[in-house]
Every structure is written in C-alpha cells, then in structure tokens.
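Colleague: Please take one helix of this model and go through it closely. I would like to know how it is covered and what lies around it.

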Amino acid sequence: MAFSLGQRLRATRELLGMTQEQVIEQLEIKHDITMSQQTLSTIEHGKRKVEAERELPAFAAVYGKPIDYFYETLELPATHPVVSIPRKRSLVTVDLDALTQRDKLELAVELIHNVLQET
C-alpha cells in the first residue's frame, strides 16, 4: 500500500512527535500561513490538496525535510501503520555527525529492514 502526500505529512509529523497544533503554530510564525486544525486534518486525510508553491515548502521546513522526501515511494509495514520505510533508496555517502538522533534511528531501521528482506 502506497502513502499519499497527506499520509506522509501525517506520518512525518507523528514521527517527529508534533501535534497538529504545534505544526499550525510553526506554519503561522515562521511562514505566515494561517491554517485551522480542521484544514490540516483534511490535508492529512487526503481530502484537501496542499498548495505546491506555498504550503508544501513550509511543511518541509517545519518538518526539517526536503520537499522530495514527501514524494518518495513508500509502503506501510505490517507491524506499524505510522512508520514508513522507503522501498528503494540510492547509495549515498552520509555525514553521520550531521544527522539527528531520529535520522540515525530511521537509517538503522531502513538498514535492518533491507538486510531482513535479503535473507
């Protein structure tokens, strides 16, 4: 099952431990975007599209992710409906000191997942 953009936004928010209210506050303070909790909920449930030129870059900044992160091919693991694991990634050299603890953990989960799939 593939993730939609709204589902990816929600999963990222939850992985970061943020509430909808915190996201809304950051969007308003840092990006001058006013959004109600109901609007954010409809986006996360795929009932409203995200404005590509204004809202998507703001969400990416609030979540600390590049825009293309929200369009990667993903699948839902059977064990946890919120955590997502990329189906395919290119091999890239990573400066581990520049990663947050959460990014290191996600990287470790991806590595373990890939190793288990190969066995």
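Modeller: A residue is called buried here when its relative accessible area is under 20%. By that cut-off, L5, G6, R8, L9, A11, T12 and R13 are buried in α1, and α1 spans residues 5-15. The model is a predicted one, and the helix to look at closely is α4, residues 55-63.

Helix α4 is mostly covered, with 7 of its 9 residues buried. These are E55, L56, A58, F59, A60, V62 and Y63. An α-helix has 3.6 residues a turn, so residues three or four places apart point the same way. The cover over the buried residues of α4 includes three helices: α1 (5-15), α2 (20-31) and α3 (37-44).

The ends of two of these helices can be described in similar terms. After α4 comes G64, with a positive phi near 70°. After α1 comes G17, with a positive phi near 75°.

As for the setting, the protein chain holds 5 helices and 2 strands, and the order from the N terminus is α-α-α-α-β-β-α. Of the 119 residues in the protein chain, 31% are buried; in α4, 7 of 9 are. Taking contacts in the protein chain between residues at least 6 apart in sequence, 51% join residues at least 24 apart. The accessible surface of the protein chain is about 8,100 Å², and carbon and sulfur atoms account for 54% of that surface.

Conventions
Residues numbered from 1 in each chain as written. Predicted model: local features only at pLDDT ≥ 70, side-chain atom pairs only at ≥ 80, totals over all residues. Heavy atoms only, no water. Buried < 20%, exposed > 50% of the residue type's maximum accessible area, 1.4 Å probe, protein only. Helix = DSSP H or I, 4+ residues; strand = E, 2+ residues; numbered from the N terminus. Contact = heavy atoms within 4.5 Å. Areas by Shrake-Rupley, 256 points an atom, 1.4 Å probe, with all protein chains shown as cover.
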